[in-house]
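This report describes selected packing features of one protein chain. Please examine the sequence and the structure before reading on.

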Amino acid sequence: MTGRALVIVESPTKARTIRRFLGDRFRVEASMGHVRDLPSSAAEMPASVKGRPWARLAVDVEDGFRPVYVIPADKKKVVAQLKKELADVDTLYIATDEDREGESIGWHLLEVLKPKIPTYRMVFHEITRDAIDKALNNPRQLDDKLVQAQEARRVLDRLVGYVVSPLLWRKVAPRLSAGRVQSVAVRMMVQRERERMAFKSGSWWDLKASAEKDRVRFDAALTSLGGRTIASGRDFDETTGALKTGKNVLLLDEAESRALATRLAGCELVVDDVDRKESQRSPYPPFTTSTLQQESNRKLGFSASQTMQIAQKLYESGHITYMRTDSFNLSEEAIRAVRGMIEQRYGQALLSPSARRYATKSKGAQEAHEAIRPAGTSMATASELGLSGREARLYDLIWKRTVATQMANARIASTTVQLSTPDPANGQPVVFRASGRQVLFPGFFRAYVEGADDPGAVLDDQSDPLPNLDPGDRVACLNLEALGHQTRPPARYSEATLVKALEAEGIGRPSTYASIIDTVQKRGYVKAVARQLQPTFTAMAVTNLLEEALGKVVDLEFTAVMESWLDKVAEGESDPLSWLASFYQDELVGGVSRGELIDPRTVCTVRSEALDPFEVRLGRYGPFIEILSDDGGRRVVSLPEDVAPADMTADVVRGLAERAEKGEAPLGHHPESGLPVYLRDGRFGAYVQLGEAAEDGTKPRRASLAPGMDAQQVTLPIALALLSLPRTLGQHPETGKAVQAGIGRFGPYITHDGVYASLRKEDDVLSVGLARGLELLAAKKGGRKAAEPLRTIGDHPEDGAPIVVLEGRYGPYVKHGRINASLPEGLGVEDVSLAQAVELLAARAQRAGAKAKARSAKPKAAAAKPKARAAKPKAAAAKPKARAAKPKATPAQPEA
């Protein structure tokens with residue numbers, strides 16, 4: 001093929017990598033993701049659509065559910081540039097990703113560009129020279145079935161989000177959103193929280209014996225007494241805390257357990273039985289999107305979103321294969337490369353006897369044709385590729401998992417020993433059990449060991465062998481310890497276990513899980529606390545409403561059926577319209593109509609036996625509890641935002657009420673101003689307050705309690721000290737400027753000349769001295785330099801000051817003076833031009849100015865409002881209807 005050709009991909013990073021493998025006749029440009037989408041606001045809605053009954057949806061529900069597409073304002077320049085490039089070439093290649101989303105992006109490009117030249121679809125699952133050459137030599141046409149499936153998914157998600165979300169605003173709270181998969185994921189977490197709320201703990205006691213043979217110590221647990229099995233955690237009913245009905249087990253209490261330990265002190269244990277088994281462990285399959293997210297969360301602590309962002313960079317840089325995949329398959333070339341590397345690096349003994357291949361088990365696996373692995377056949381390590389930081393850590397995880405797939409099985413010896421001794425009180429047998437394991441041959445453990453969701457679990461490669469024991473052997477019991485145990489409620493989901501559960505239920509697609517988990521946190525449905533996803537009372541209320549009004553929409557089985565239907569559309573086995581009409585009319589429109597009849601107080605009330613006689617209600621300003629006093633008075637107690645629904649008990653409520661009562665009576669008065677000093681509870685925890693709000697609305701001075709400070713121990717001197725923060729510790733010996741201590745958004749700190757250093761746990765913000773403050777500042781200065789720019793783009797054309805790219809908490813951003821602007825998705829650090837940076841900074845400055853102007857104008861608008869309302873009663877009455885029809889009111893474009 002001769003002449004000039006244009007290759008279009010999604011991102012500049014991917015474009016730059018592909019350019020390395022193509023000749024001069026190829027132009028490679030980036031579309032920056034989708035160039036066309038459903039309107040996100042009323043301003044984007046075409047004039048021909050405005051006024052239609054379905055305009056807010058941007059989906060013609062009256063005529064085949066046809067979506068209305070527009071080119072967003074920020075993509076018009078991209079489209080214009082692509083059209084300009086297209087005019088100078090003879091051939092067009094669409095080289096977007098090979099999944100449904102990539103196929104959809106390609107289709108939209110063709111619809112917008114309308115090329116009059118030969119056009120081909122170019123697909124590859126890794127960005128290497130061989131893969132690009134193969135894709136060029138074997139192009140195909142766009143797959144209409146994949147495009148239809150993605151469009152059906154997009155329309156379905158739009159309908160669920162835009163039809164259901166307004167019901168949430170009216171019945172629960174504004175700015176909430178519903179989503180086809182998002183709401184089901186929230187319901188799963190709420191169901192787990194309900195299980196925790198209904199859970200009742202059971203307790204039991206047993207003995208741990210410490211014994212020794214051949215100078216090797218080991219532990220054994222009590223299993224039976226007088227022929228009766230000792231109760232353990234699995235014997236208890238989670239809803240009653242008592243033993244399950246029909247369980248013939250012996251439940252020991254503390255006194256019985258300690259008495260038995262005393263009677264058996266100094267006894268000799270006899271080995272009754274030894275069970276030795278040898279087993280083999282096979283390597284885990286290579287990574288799919290789901291398993292990569294799970295393992296990255298367990299081992300590296302990365303969120304699903306972070307994992308996908310890093311994986312995207314690695315793929316677009318040519319280091320790994322495509323990261324959105326349901327497949328366990330490895331190409332024959334990859335298998336040969338891995339096996340050759342193992343033989344060279346680890347030796348023949350650790351190579352599996354034959355090539356190992358894995359069958360994909362995921363329902364509707366369709367994303368890509370290979371698992372996630374290092375790209376190409378060189379099997380280079382992270383250090384050999386020059387990777388560092390988070391990219392190196394994730395690549396190393398992928399490299400090791402891939403290598404392990406072709407390594408030999410591990411061999412493990414497990415030993416279980418039963419020991420006994422007679423009870424001196426009655427001669428009945430007291431039986432103990434000891435278990436041990438030993439890795440006989442590490443095999444693939446040399447490269448990779450999978451993490452565990454339970455932090456207390458023993459990892460596969462760990463050995464804990466017993467001494468050599470045979471039946472009839474006698475061992476000395478060195479110590480006997482009575483141990484108390486309690487059953488634990490079901491664990492809340494972590495990101496890893498939620499991803500695993502969603503995939504197991506067939507809910508959504510792994511490629512969407514990262515955005516779903518991010519969305520439910522941003523909407524206030526879930527808080528990430530100590531790696532657990534903790535549902536909020538808002539999530540409880542929303543789930544209550546959706547279950548009652550739109551049961552099928554949040555039903556796990558029904559949602560899995562929807563996914564199956566979408567898969568059939570992708571395979572050409574189902575018509576996209578065959579199901580949409582009935583779902584829209586019966587489930588969505590009908591469900592919302594049912595929801596309008598529901599009393600908001602009902603769904604916004606949370607009850608549990610542990611809370612009795614109280615109940616939590618969700619109000620405009622968050623969750624609260626109403627308490628009736630003996631004299632018939634009514635007290636409203638706000639709940640702190642960090643309290644989980646399952647952790648809210650009647651005792652916790654009484655404690656909050658007691659503190660609230662104390663908050664009404666001052667701790668004392670300020671010695672200088674004479675104003676009362678209060679201790680009060682708020683949404684974000686306890687705080688101290690000086691005086692009350694002034695008549696003009698001026699807020700009183702407030703100060704949060706320091707981390708770890710017990711509200712019950714707060715006295716007037718402590719409150720005054722907190723209200724005096726930040727306090728000056730002294731002058732810095734080098735600059736003469738003040739060194740201060742205070743409490744900020746991220747906790748207690750020391751500050752000097754614009755530099756902040758966090759106080760450690762052992763430091764007290766109220767008593768820390770100048771010497772300690774200088775020490776922390778020096779450590780901060782020595783341990784962490786000012787952020788080094790990732791790249792200096794150039795000088796700003798207006799003032800000549802440099803524009804740099806820095807790494808921020810939420811990704812890279814450009815900086816000029818005091819203005820920061822995040823880089824949009826798809827625009828890499830090395831790709832942003834000076835013109836693009838100036839444009840991003842200008843837009844950010846304009847938005848900041850508009851917000852400041854709106855804030856300054858707000859009081860005037862508020863003052864004028866009553867007059868306008870009085871003068872125009874009809875307009876006021878019509879306002880709610882107009883607001884409901886306004887797409888801009890949608891808090892965010894709800895997605896799956």
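## Burial and a stacked pair

A residue counts as buried when its relative accessible area is under 20%. Phe-583 has a relative accessible area of 2%, so Phe-583 is buried. Phe-558 also counts as buried, at 14% relative accessibility. The model examined here is a predicted one.

The ring centres of Phe-558 and Phe-583 are 6.1 Å apart and the ring planes lie at 20°, so this pair is stacked. The pair joins distant parts of the chain: Phe-558 belongs to helix H15 (residues 556–570) and Phe-583 to helix H16 (residues 577–596), with their positions 25 residues apart.

## Other aromatic contacts

The count of aromatic pairs comes to 15. One of them is formed by Tyr-69 and Trp-107, an edge-to-face pair with 6.2 Å from centre to centre and 70° between the planes. This pair, too, links distant parts of the chain, 38 residues apart: Tyr-69 is in the loop between strand E4 (66–67) and helix H2 (76–86), whereas Trp-107 is in helix H3 (residues 100–113). Tyr-69 has a relative accessible area of 19% and is therefore buried.

Tyr-284, Phe-287, Phe-444, Phe-445 and Tyr-448 make up one aromatic cluster. Tyr-448 also has a charged partner, since Lys-299 lies over the face of its ring, at 4.2 Å from the ring centre. In a second case, the charged end of Arg-192 sits over the ring of Tyr-493, 4.3 Å from the centre of that ring.

## Helix H13 and its surroundings

Which residues of helix H13 (residues 510–522) are buried? They are Pro-510, Tyr-513, Ala-514, Ile-516, Ile-517 and Val-520. The buried residues of H13 pack against four helices and a strand: helix H6 (182–198), helix H8 (289–300), helix H9 (304–316), helix H12 (495–505) and strand E14 (526–529). After H13 comes Gly-524, with a positive phi near 80°.

## The crossing of H10 and H11

The axes of helix H10 (residues 332–345) and helix H11 (residues 389–404) come within 9 Å and cross at roughly 90°. Angles of 65 to 115 degrees count as roughly perpendicular, and H10 and H11 are therefore roughly perpendicular to each other.

At this contact, Val-338, Met-341, Ile-342 and Arg-345 of H10 meet Trp-399, Thr-402 and Val-403 of H11. The residues of the contact comprise five nonpolar, one polar and one charged.

Note on methods
Residues are numbered from 1 along each chain as its sequence is written. This is a predicted model: local features need pLDDT of at least 70, side-chain atom pairs count only at pLDDT 80 or more; totals for chains, interfaces and linings use all residues. Side-chain values use heavy atoms; hydrogens and water are left out. Buried means under 20% relative accessible area, exposed over 50%, partly exposed in between (1.4 Å probe, protein chains only). Helices (H or I, at least four residues) and strands (E, at least two) are DSSP runs, numbered from the N terminus. Contact means heavy atoms within 4.5 Å. Axes are lines fitted to C-alpha atoms, for helices over the stretch in contact, and angles run from 0 to 180 degrees between N-to-C directions. Angles under 35 degrees count as roughly parallel, over 145 as roughly antiparallel, 65 to 115 as roughly perpendicular and the rest as oblique. Ala, Val, Leu, Ile, Met, Phe, Trp, Tyr, Cys and Pro count as nonpolar, Asp, Glu, Lys and Arg as charged, and the others, Gly among them, as polar. Rings of Phe, Tyr and Trp (its six-membered ring) pair if their centres lie within 6.5 Å; planes under 30 degrees apart count as stacked, over 60 as edge-to-face and the rest as tilted. A charge sits over a ring if NZ of Lys or CZ of Arg is within 6 Å of the ring centre and within 35 degrees of the ring normal.
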